Amino acid sequence: MVRLEENRFLTELSRMYERHKSTGTVWITMKCSNGKPRSRTREYPRQDYQCLVRAVAGKKNKKKEIATMVPASQVPKFQQAMIVIMKANMDALKKREKKKA
């Protein structure tokens, strides 16, 4: 997995959507993280936490993974930028057929 800066992540995400527009899927996950290994005994202060955002596209041996860490104060701004990219690339969705009763 490649960890990128926020702006670079957004450009790579839009490229992923372009590559997988006709066939394929892009998965996006967000997770609260402090960037340190897990420890059951030690708790970290809440202000140290960041948002880990991952995007995965492709299948097993041709899988492309990217990630970024977003500071808690920048998460709303980052989500707005990500929403714009996601909405712009949702034109390839198939419409559902209505079932006749």
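In this predicted model, strands E3 (residues 50–57) and E4 pair in the antiparallel sense, with eight bridges between them. One position helps to find the register on screen: Arg-54 has Ala-67 in E4 as its bridge partner. The two strands form a hairpin, and six residues lie between them. Within that turn, Gly-58 is worth a look, as its phi is positive, at about 100°.

On to the other neighbour of E4. Strand E1 (residues 2–3) runs parallel to E4 (residues 64–71), and two bridges join them. Here Val-2 stands opposite Ile-66 of E4. Strands of a sheet pair through backbone hydrogen bonds, and the pairing can be either parallel or antiparallel. The sheet as a whole is open and has four strands, in the order E1-E4-E3-E2, with mixed pairing. Its edges are formed by E1 and by strand E2 (26–33), each of which pairs on one side only.

A helix accompanies this sheet. Helix H1 (residues 6–19) lies across E2, E3 and E4, and it runs at about 145° to E4.

Helix H1 also takes part in an aromatic pair, and a search of the whole structure finds one such pair. The ring centres of Phe-9 and Phe-78 are 6.0 Å apart and their planes meet at 40°, so the pair is tilted; planes under 30 degrees apart would count as stacked, and those over 60 as edge-to-face. The pair links distant parts of the chain, with Phe-9 in helix H1 and Phe-78 in helix H2 (residues 75–88), 69 residues apart. How accessible are the two partners, Phe-9 and Phe-78? Phe-9 has a relative accessible area of 0% and is therefore buried. Phe-78 also counts as buried, because its relative accessibility is 4%, and the cut-off for buried is under 20%.

The last stop is Asn-89, found in the segment after H2. Is this residue, Asn-89, buried or exposed? With a relative accessible area of 12%, Asn-89 is buried. Its side chain reaches the backbone oxygen of Ile-85 at 2.7 Å. Leaving aside residues up to four places away in sequence, Asn-89 touches Tyr-17, Glu-18 and Lys-21.

Terms used: Residues numbered from 1 in each chain as written. Predicted model: local features only at pLDDT ≥ 70, side-chain atom pairs only at ≥ 80, totals over all residues. Heavy atoms only, no water. Pairing = 2+ DSSP bridges. Contact = heavy atoms within 4.5 Å. Axes fitted to C-alpha atoms, helices over the stretch in contact; angles between N-to-C directions. Phe/Tyr/Trp six-rings, centres within 6.5 Å; stacked < 30°, edge-to-face > 60°. Buried < 20%, exposed > 50% of the residue type's maximum accessible area, 1.4 Å probe, protein only. Polar contact = N/O pair within 3.5 Å; in protein donor to acceptor, adjacent residues only side chain to side chain.
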